[in-house]
Amino acid sequence: IKAQTKRGGFGQSWWAKRWIAVLESFNIGARLSRGRSYARSGQVTHLEVGKGVVTAKVQGSRPKPYDVLIKVAKLSASDWKKLAESLGKQALFAAKLLAGQMPENIEDAFKAAGLSLFPDKSKDLVTDCSCPDWSNPCKHIAAVYYLLGEEFDRDPFLIFKLRGMTREKLVALLGGKASAPPKPQAESKPAELPETLPAERLSLIHI
């Protein structure tokens with residue numbers, strides 16, 4: 001799985017860049033650059049996003065690929081209910097999500113519900129790699145992080161899935177909360193005057 005970006009930063013959308021910013025805030029030094037190199041050279045051979053977990057295989061210096069595991073705390077059912085109520089207060093939030101778009105200030109809705117869309121700190125993530133490197137995250141985990149950013153570009157709902165909510169369930173949850181924006185009222189037409197009947201028809205009516 002080769003990264004789409006050949007140079008520069010990873011991720012095109014604001015949410016993908018936000019995810020990468022979380023990784024780069026962990027200050028893991030040279031392992032970040034090695035991770036970028038691994039991501040661009042196609043050494044990640046498998047990547048799967050599930051509810052609260054990412055599993056991947058990364059080819060290292062040994063013949064057998066290393067197993068990478070990234071866990072993110074899932075939001076509870078009550079958390080998602082609070083979030084749906086928070087999103088429902090802003091018709092634009094719900095409308096964009098239902099259209100498959102990620103609102104730019106959606107993190108405000110999470111904060112209003114006392115929640116967070118992205119991990120705030122390194123301890124919010126549990127990562128593991130079968131490689132012999134003692135550091136965590138290692139370059140193999142970093143490579144998976146970078147490719148995840150590109151996956152989030154392709155499908156922003158994967159971020160919600162990582163937090164425990166599939167696209168289908170999120171849309172269903174928002175369906176009852178989203179209030180459609182009011183439709184503009186049609187301009188009222190002036191009342192039409194009754195058609196003037198010709199004299200012949202008038203006389204027939206009279207008869």
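**Exercise 1. Find which residues have the most contacts inside the largest nonpolar core, and which helix gives this core its largest share.**

Begin with the term: a nonpolar core is a set of buried Ala, Val, Leu, Ile, Met, Phe, Trp, Tyr and Cys residues joined through side-chain atoms within 4.5 Å, where buried means under 20% relative accessible area, exposed over 50% and partly exposed in between, with a 1.4 Å probe and protein chains only. The largest such core has 55 residues, and those with the most contacts inside it are Ile70, Val144, Leu148 and Phe160. Its largest share, eight residues, comes from helix H6, residues 139–154; helices (H or I, at least four residues) and strands (E, at least two) are DSSP runs numbered from the N terminus.

The model is predicted, so that local features need pLDDT of at least 70 and side-chain atom pairs count only at pLDDT 80 or more, while totals for chains, interfaces and linings use all residues. Residues are numbered from 1 along each chain as its sequence is written, and side-chain values use heavy atoms, with hydrogens and water left out.

**Exercise 2. Describe how helix H1 packs against H6.**

Step one is the geometry: H1 (residues 14–24) and H6 pack at an angle of about 165 degrees, with their axes 8 Å apart. Axes are lines fitted to C-alpha atoms, for helices over the stretch in contact, and angles run from 0 to 180 degrees between N-to-C directions.

Step two is the class of the angle, which makes H1 roughly antiparallel to H6, since under 35 degrees counts as roughly parallel, over 145 as roughly antiparallel, 65 to 115 as roughly perpendicular and the rest as oblique.

Step three is the contact, meaning heavy atoms within 4.5 Å: the H1 residues that meet H6 include Trp15, Trp19 and Leu23, and their partners in H6 include Tyr145, Leu148 and Phe152.

**Exercise 3. Describe how helix H2 packs against H6.**

H2 (residues 30–41) and H6 pack at an angle of about 60 degrees, with their axes 7 Å apart, and this makes H2 oblique to H6. Among the H2 residues that meet H6 are Arg31, Leu32 and Tyr38, while the H6 residues include Lys139, His140 and Tyr146.

**Exercise 4. Decide whether Cys129 is buried or exposed, and list its contacts.**

Cys129 is found in strand E4, residues 125–129. Its relative accessible area is 13%, and therefore Cys129 is buried. Leaving aside neighbours within four places in sequence, Cys129 is in contact with Tyr66, Asp67, Val68, Cys138, His140 and Ile141.
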